[in-house]
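Q: Please take a close look at the nonpolar core of this model. Set it in the context of the whole chain, then go through its surroundings.

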Amino acid sequence: MLDNYFVLSYLCLIIALQSSAGVGILVLGTPFLLLIGYNIVDIFFLLLPLSILTSFLNMIIMKLTIKKIEPVSLKELFKFFIACVPSIIVGLFILKFFQEYINFKFLVSTIIICSILLVMLKDKISYKINFFRISILSIVGVIHGLTNSGGTLMSLILSTDKQKIHARYSITIFYLLLALIQYGLINFIFKGSIFFSDYVNLITVLFIGILLGNLFINFLSENKYKLLINFLAILSSIFLLLF
């Protein structure tokens, strides 16, 4: 796979998008790999390490280059672990026992569309933001464990009431934690892995993508940043509807 220049170019693109928006590798990589014949479990083992490395390196870059950045509070992290970890386990066990019965094309497309509608209607719903976020994080965990697409909903929620810099940093932190938890659990539950045949190509596209993404974010205004998050969600939905 990693000697195919089209695939490498695509990986570079989604790494750049994740470096700019906080998400991209799992959101857009999952439907792409489904399109070229990978099954959902193999996709997890292939994309999760790449997503973890990208988020981790971008977190370091942001900490070094942004003077004033709002840290993620321990309270928010606690909510994340309480809400997400049990629900990721639920999602992975559903996947383990029912994956042959699930239409992932329809499921993931529906999830992404519902994510966008939820955010559009958030201000019209009477939920308080804390309750809303805890509920959403629980849903995110199940969705992510089952389809790799929970980050779409999480990024849409985290980007609604924060400035661009803080939203990007929060999404990066939570997406890193989400991928780490999922990768640990999927290794335990499915006990398998995919080994990259060409680490040189992978490392090359990783660093090029991160560089491009961190350059691109400087040209995005507040509104354009939030539009990018929505664009990623819609684009991934279109991908899934086409295959």
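A: A residue counts as buried when its relative accessible area is under 20%. By that cut-off, 53% of the 243 residues of the protein chain are buried. Keep in mind that this is a predicted model.

Start with the fold. The protein chain has 10 helices and zero strands. Along the sequence the pattern reads α-α-α-α-α-α-α-α-α-α. Contacts reach far along the chain: among those between residues at least 6 apart in sequence, 82% join residues at least 24 apart.

Now the core itself. The largest nonpolar core holds 60 residues. Within this core, Leu 92, Leu 95 and Phe 190 have the most contacts. Two or more residues each come from helix 1 (5-21), helix 2, helix 3 (40-65), helix 4 (74-98), helix 6 (129-147), helix 8 (164-190) and helix 9 (199-216). Helix 8 gives the largest share, 14 residues. In general, nonpolar side chains tend to be buried together in soluble globular proteins.

Zoom in on Leu 92. Leaving aside residues up to four places away in sequence, Leu 92 touches Phe 44, Gly 145, Gln 182, Leu 185, Ile 186, Ile 189 and Phe 190. Phe 190, one of these partners, is also among the residues with the most contacts inside the core.

Next, helix 2, one of the contributors to the core. Helix 2 spans residues 25-35 and is mostly covered, with 10 of its 11 residues buried. The buried stretch includes Ile 25, Leu 26, Val 27 and Leu 28. Gly 29, Thr 30, Pro 31 and Phe 32 are buried as well. Leu 33 and Leu 34 complete the list. After helix 2 comes Gly 37, with a positive phi near 105°.

Two contributors to the core, helix 3 and helix 8, turn up again at the largest pocket. Each of them gives two or more residues to the lining of that pocket. The volume of the largest pocket is about 200 Å³. Its lining includes Ile 61, Met 62, Thr 65 and Ile 66. Lys 164, Ile 165 and Arg 168 line the pocket too, as do Asn 214, Ile 217 and Asn 218. By type, the lining residues divide into five nonpolar, three polar and two charged.

Last, the outside. The protein chain exposes about 11700 Å². Carbon and sulfur atoms supply 71% of that area.

Notes
Residues are numbered from 1 along each chain as its sequence is written. This is a predicted model: local features need pLDDT of at least 70, side-chain atom pairs count only at pLDDT 80 or more; totals for chains, interfaces and linings use all residues. Side-chain values use heavy atoms; hydrogens and water are left out. Buried means under 20% relative accessible area, exposed over 50%, partly exposed in between (1.4 Å probe, protein chains only). Helices (H or I, at least four residues) and strands (E, at least two) are DSSP runs, numbered from the N terminus. A nonpolar core is a set of buried Ala, Val, Leu, Ile, Met, Phe, Trp, Tyr and Cys residues joined through side-chain atoms within 4.5 Å. Contact means heavy atoms within 4.5 Å. On a 1 Å grid over the protein atoms alone, a cavity is a set of points where a 1.4 Å probe fits but cannot get out, and a pocket is an open set with protein on both sides within 12 Å along at least five of seven lines; lining residues have an atom within 4 Å of a point. Grid points are joined across faces, edges and corners, and a volume is the space filled by probe spheres set on the points. Ala, Val, Leu, Ile, Met, Phe, Trp, Tyr, Cys and Pro count as nonpolar, Asp, Glu, Lys and Arg as charged, and the others, Gly among them, as polar. Accessible areas come from the Shrake-Rupley method with a 1.4 Å probe; for residues, only the protein chains shown count as cover.
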